[in-house]
Amino acid sequence: MRDAVDDLIWDEAPREAKAVAVLDAPALVDDALTLTDDVRVFCDDWRDAARVDPALLVEHPNDLAGVDLALARLPKSLAALDEQAAVVQGAQDVTFVGGARIKHLNHTMNQVLNKHFAAVSASLGRAKARVLRAWGPEGLETDWPKVRMHEDFGFAVAAHGATFGGTKIDPGSRLLMMALAGGGRAPGLEAEDVLDFGCGNGTLSMRLAKQGLRVRARDVSWSSVAGTAVAAEVNGCEVDATWGDGLDGYDDASFDAIVTNPPFHQGVAKDTSDTLRMFDEAARVLRPGGRLWCVFNSHLPYRKELNVRLGRTQVAAQDPHYTVTVTTAR
């Protein structure tokens, strides 16, 4: 659905271009096609990509290199913005036009764009939206994905700019891994076929694959899936990481266990509906008696939801900020 941000991006864009990149802005694809037949679209979120003609989608953001116009929805993450600006370099002259709600903009975004472009300016605000326009490409090559070795766990983590958590191992995942190893209030993970649902940077997938389990991973974010695949290669592990919405394509009752560090937001908006749908999907693909291991911010009412949607749920570990639960599927 088109909104005020899309309208402002298009109004601020040049009306001539030989090749156009559209980043995370599916509503602008038709407009871009009025300028040229060479329109290349990249959407990190699978749900956005599903709105676009597959013939226009690129397989990798690096395939956007060489355009002379880039139209983008500005991401909240500065790392994601850095990768957006980097992958559209290549032509002698490229203009980058990115928009967002004013409340989600900050001056550091200008600094990130200035790393890749000689000049950056902001539009006037309109309908609570604003556009950043950058030109004069510096031609710096992209340094994404990035890889970081975590000696304390014995594996590396990889990330693209939009990968949730970057190359860090967040405290929630640390607590969940401790519980999976049997260090909490419940016995540890016992399984052969495990799904890392909402895999993020693949931390949990790497941990489980290093233990010799058959691991599959799923995320709605391309950056997360791609980062997980890179990490698996670096670590010499086998992880079948796929990009998609929910658990489409997975058979009913096909997993012994699911592990998840679920999101409580989509993009810049906090929203628990995606997580609740994840719980319903988990109930479908878990074998009877299979277990869902979940970590979440302790203030969220997920234990009650898990009891209702999947089965008996107990607290496996807890600290002042996070709770790990283990649910046995009915």
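This section describes a sheet, the nonpolar cores and several backbone features of a predicted model.

The strands S11-S10-S9-S12-S15-S17-S16 form, in that order, an open sheet of 7 strands with mixed pairing. Its edges are strand S11 (239–243) and strand S16 (313–318), each of which pairs on one side only, and the twist from one strand to the next averages 20°. Strands of a sheet pair through backbone hydrogen bonds, in either a parallel or an antiparallel arrangement. Strand S9 (residues 193–197) and strand S10 (residues 214–219) run parallel and are joined by 5 bridges, with valine 194 standing opposite valine 215 of S10. Helix H7 (residues 203–210) lies across S9, S10, S11 and strand S12 (255–260), and runs at about 170° to S10.

The largest nonpolar core comprises 33 residues, among which Leu189, Val194, Leu208, Trp293 and Val324 touch the most other members. The greatest contribution to this core comes from helix H6 (residues 171–180), which supplies 5 residues. When residues up to four places away in sequence are not counted, leucine 208 touches Leu180, Leu189, Val194, Leu213, Val215 and Val259; the facing valines 194 and 215 of the sheet are thus both among the contacts of leucine 208. A second core, separate from the largest one, holds 26 residues, including Phe42, Ala70, Val94 and Ala100.

A polar residue, serine 205, is also found in helix H7. With a relative accessible area of 0%, serine 205 is classed as buried, because this value falls under the 20% cut-off. The side chain of serine 205 is joined to that of aspartate 196 by a polar contact of 2.8 Å. Residues up to four places away in sequence being left aside, serine 205 touches Asp196, Cys199, Val215, Ala217, Thr228 and Val239.

Three backbone features lie in loops. Most residues other than glycine have a negative phi, and most peptide bonds are trans. The peptide bond from tryptophan 144 to proline 145, however, is cis, with omega near 0°, and proline 145 is placed in the loop between strand S6 (129–137) and strand S7 (146–150). Aspartate 24, in the loop between strand S1 (20–23) and helix H2 (29–33), has a positive phi near 55°; this residue is partly exposed, because its relative accessible area of 22% lies between the limits of 20% and 50%. Alanine 127 likewise is not a glycine but has a positive phi, of about 55°, and is located in the loop between strand S5 (117–122) and S6.

Key: Residues are numbered from 1 along each chain as its sequence is written. This is a predicted model: local features need pLDDT of at least 70, side-chain atom pairs count only at pLDDT 80 or more; totals for chains, interfaces and linings use all residues. Side-chain values use heavy atoms; hydrogens and water are left out. Two strands pair if DSSP finds at least two bridges between them. Helices (H or I, at least four residues) and strands (E, at least two) are DSSP runs, numbered from the N terminus. Axes are lines fitted to C-alpha atoms, for helices over the stretch in contact, and angles run from 0 to 180 degrees between N-to-C directions. Contact means heavy atoms within 4.5 Å. A nonpolar core is a set of buried Ala, Val, Leu, Ile, Met, Phe, Trp, Tyr and Cys residues joined through side-chain atoms within 4.5 Å. Buried means under 20% relative accessible area, exposed over 50%, partly exposed in between (1.4 Å probe, protein chains only). A polar contact is a pair of N or O atoms within 3.5 Å; within protein, one must be able to donate a hydrogen and the other to accept it, and residues adjacent in sequence count only if both atoms are side-chain atoms.
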